[in-house]
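Biologist: I'd like a close look at one part of this model, with the cut-offs spelled out as you go. Take your time and walk me outward from there.

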Amino acid sequence: MRPLGIGRIALVVVMLAGVGLAALRVGAAGGGSPQRRQRGFNARELIDQRNPALKTPASRHEFYFTRAIYNSGWRGGAWATDYPKADRQFMTVVNRLIHIDASDRENAIRLDDPRLRKYPFLYALEVGDIALTPLEIEGLRDYLMAGGFLVIDDFWGSWEWSNFEAQMRRVFPEYPIVEMSPNHPIFNAVYRLDEILQVPSINNYWNGRTWEQDGYVPHARGIFDEKGRLMVVINWNTDLGDAWEWAERPEYPLKFSTFAVEMGINFIVYAMSH
Amino acid sequence: MLESVFEFLFKYRPLIFAEGDFSFRASWAGYTALIAAVGAGLLTLRVYARVRGNSRPLDRAILTALRLAALGVLVFCLLRPVLVLSSVVPQQNFLGVIIDDSRSMQIADQDGTPRLQFVRDNFETAEIGLRAALADRFALRFFSFSSETERVDAVEELAYGGTRSRLGQALERAHEELAGVPLSGLVVVTDGADNADVGPGESLMPIRASGIPVFTIGLGREEFERDIQMSRVEIPRRVLKGAALVVDLVITHRGYRGEMVTVQVEDDGRIVGTQDVRLPVDGDPETVRMRFTAQEAGPRLLSFRVSTQPDEMVTQNNVRHSLMVVEEDRKKVLYFEGEPRFEVKFVRRAVADDENLQVSVLQRTAENKFLRLHVDGPDDLAGGFPTTRAELFRYQGLVLGSIEANHFTPDQLQMIADFVNHRGGGLLMLGSQRSFAEGGYAGTPVADVLPVVLDTGRADSEESFFAEVSVETTRAGATHAATQIAESEQASVDRWQELPPVTMVNPIKEVKLGATTLLRSAADEFVVLAFQRYGAGKSLAFPVQDSWTWQMHADIAVDDQTHETFWRRLVRWLVDGVPDQVVTELLQDRVEPGETVTVLAQVSDTNFEEMNNSLVVATVTDPSGKILELPMAWTAEEDGEYRTTFTSTEEGFHEVRVQASSDGNLLGEDVVYAQVAASDSEYYDSTMRAPLLQRLAEETGGRFYTPETALSLADDIQYVGRGVTVAEERDLWDMPILLLLLVTLVFSEWGYRRFKGLA
């Protein structure tokens, strides 16, 4: 573990202040315990577009942390894991750490929604069970080919990988998924990250491990277009979302939250400039 | 015909009356007759005053007038009126005959006969034609003229291959050479298609001063019955490789109204643009806008050609060649953003494939923390926005995004203004909450440079503005190169209207005087894209905060290139024409073999201050590879301006590479090209220039002739010419007009009497 420098200490202080405030807000909404889904929040209902909970954010900002709503197999509603606490807490910290005009509210949208392309940054997690419909495949492909950027997070082990990979091959039969070098500029966009940490879910951490299933080694992989432009960054065998969500918990190691925030900020800044 | 009638009535040609002085040569008999006539006149008055009969006073007055008039005509004749003329003494004077030896004399516009045929028929043989008539009276001296003027002994040896017509120079030369002899005049045989750099007006001054008349014989038609001409081509002298060009061509024609013709652009034999054009009414110029891309680097000789039509009288003027230098250069643009914005991503993507543009991004991510992209090295812009002029002036373009004015020091703000005003760079400000008035730029030097008016109250206003606007072109924007986003102007205008709306947070409604609006909101309320020239550079305002919508909107096809096309053209135009530290110019980029090429260079230091003490050398490489090094001297007329000249007889492109250095450090280098080639200007506007030739003649006291009237030239010169002359008198008393007048008056009096019953 690297020693904390001044910059990192400052980052920690800001994070604690930020997530503390965010946690108070989310806690008031009824999300106090470390569960995958927030109490009173039914992810399945959000598939229904007529649900008024899902609407274009009221305020206008340059950046919206946008979460992809996708169809999954037996684990329906997986897209909503950590939602919306992780999104809100993360964006609260982002707004404090960098000069960005970003909404600190969640913003979820379906992959087959024509408004998807209004949000050039997209986040999706728990994709081990993803089962894209033809409309979702078309929507996602057009989104990424037009210039959108997708961050994948929080899926573990070889079984989930094979399913995810198969689904992405339906989106991009021509572009393979490749391992990303730690020297890739995305890992240096704002914070210099020399290694990819395995960020555990809070449950796994409590159980004394950082891994899940047979996902022992974290990987950062990517899908590049024919011009070498990164369209999708895939965080496999790691859970950045949980680190954002539980950053304020004293028992959750700060190093993982710090790393997750730094990775997330790097992704955002990179996606907005490349 | 009128002249013939005049001559019949007045016995002599109008020229005789114009040149002669009127006088009387009455003898004692004539004066006696005058006294008798006066007496007769008085008697007439007395008689008509007394004898009334049944006549009225008016009748008597009329009859008196008629009788007196008749007496007056008689008296006039008896007084022996004469015209006194100055007539040249035969064989005592010289006459210069200057014959046009240029290519335009080969044009066969006289029923298939070339213009030079008149010269052959009238001047090649001494015994016949006009030459014989002139030689009876004058000693003839022949000259030929085209680019140069020379004495000729044998007119039959003229080749009519001259590539230029310098009429003024010809007159001057002939006048100088014949200055020591009694010169009656100069005869110029030409079509008048003068294409010298300077008109003949100045050359006439010494000729006018010495009173030498110039007689002009105009050959050829004043108008061609059927001809199409590529009259004008306007192309930039230098462009960046890959530039999408819009070039204006002007075509004129006669006799092909309503016909469809094809216009083509060729680059080294390869067709790069083609368009069909319907010709307007005769005489009306038609402007054709040709679009093509400058693909190949280096000096390009472009040919602009209109298809030859049946029965065209001149076909050599259907094509024009123009030299354009396509630079393989990489223009640098600094794009400064105050926060992460998607505009950065999509602008970079739009220009990424353009090898001639380098867009370096400096993006503030946190306080004193910047993301630097596509910079020149690890230390480039490491300290943030440039703090010295030398550092900023390395760029040709500057784009300011969402960065507030307070981020800059006062000196940096002034530096940005100087970047445009002094350095000649291009500035583009994008829309955002930290731009324009909202960003606190009102009242700063940057505001002076911008083409739009900033509301000084906006910076402190609590009220935020937001509008979603659809964009359309203005009249200027419909044709401007930067806003062409489709294959044709109309398609481009239509495409702008189809694009999804974008958002603005800077309510700009007014542009400054002299600025041009290219895009506006569909409701004509807001300025969307405007520019102005400012000092040596230009500034643009694009108060849109999310043009990336034109790439990402659901209505835009994934492979649509509209957004990319717009940004590529906009950035290229931003840096177009921005000077470097060494800028070279040729006063003439096309000269004839042996003509002088003048090279001028403007040299500046890294702050773009002019330097007068640099070491400047021009290296000229001719087509065969021979190299000539020429030092360039400061002209002393303008700061930073250096000059040299060279001549070459070898035809082809000559590379002129200018290097400037100071204290052993290279300041910069520039390359231009000179084309040495025979001029093709003889075939353009090659109709006979009657007004010019008439003016030459009138201003010098000479006369203008056509081949049909040229036979009277010899007679006319006798009386109009100068030199050794003698006075000559011509009687006027026996003019037929006088007899006619007398008879008319007498019979009128008789007829009036009969009519009134007074006989």
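Which side chain meets B:Asp715 in a salt bridge, and what is the N to O distance?

Modeller: Quick housekeeping: this is a predicted model, so local features need pLDDT of at least 70 and side-chain atom pairs count only at pLDDT 80 or more, while totals for chains, interfaces and linings use all residues. Residues are numbered from 1 along each chain as its sequence is written, chains are lettered from A and ligands numbered from 1 in the order in which they are written, and side-chain values use heavy atoms, with hydrogens and water left out.

Now your pair. The partner of B:Asp715 is B:Arg137, at 2.7 Å from N to O. B:Asp715 sits in helix α18 (residues 713–720) of chain B and B:Arg137 in helix α6 (residues 129–137) of chain B, so the salt bridge ties together parts that are 578 residues apart in sequence. A salt bridge here is a side-chain nitrogen of Lys or Arg within 4 Å of a carboxyl oxygen of Asp or Glu. Helices (H or I, at least four residues) and strands (E, at least two) are DSSP runs, numbered from the N terminus.

The two ends differ in cover: B:Asp715 is partly exposed at 34% relative accessible area, whereas B:Arg137 is buried at 18%. Buried means under 20% relative accessible area, exposed over 50%, and partly exposed in between, with a 1.4 Å probe and protein chains only.

Stay in chain B for another such tie. B:Asp560 and B:Arg495 form a salt bridge, with the closest N and O atoms 3.1 Å apart. B:Asp560 lies in the loop between α15 (549–552) and α16 (562–575) and B:Arg495 in helix α14 (residues 489–498), so parts 65 residues apart in sequence are tied together. Both ends are under cover: B:Asp560 is buried at 16% relative accessibility, and B:Arg495 is buried at 17%.

For contrast, hop to chain A. There A:Arg169 pairs with A:Glu165, and the closest N and O atoms are 3.7 Å apart. These two are 4 residues apart in helix α5 (residues 157–171) of chain A, separated by about one helical turn. A:Arg169 is partly exposed at 48% relative accessibility, and A:Glu165 is partly exposed too, at 27%.

Salt bridges also join up: B:Glu3, B:Arg13, B:Arg703 and B:Asp716 are linked in a network. Over all chains, the search of the whole structure finds 62 salt bridges.

Back to your arginine's surroundings in sequence. Strand β4 (residues 138–145) of chain B runs antiparallel to strand β5 (residues 149–152), and 4 bridges join them; two strands pair if DSSP finds at least two bridges between them. A hairpin through 3 residues connects β4(B) to β5(B), and B:Phe145 has B:Thr149 as its bridge partner in β5(B).

Past your aspartate, helix α19 (residues 736–756) of chain B holds B:Phe747, which is exposed at 54% relative accessible area. B:Phe747 joins B:Leu739, B:Val743, B:Val746 and B:Trp750 in a nonpolar surface patch of about 530 Å². Patches take residues with over 30% relative accessible area and no salt bridge, joining like charges within 9 Å and nonpolar side chains (Val, Leu, Ile, Met, Phe, Trp, Tyr) within 5 Å. The areas come from the Shrake-Rupley method with a 1.4 Å probe, and for residues, only the protein chains shown count as cover.
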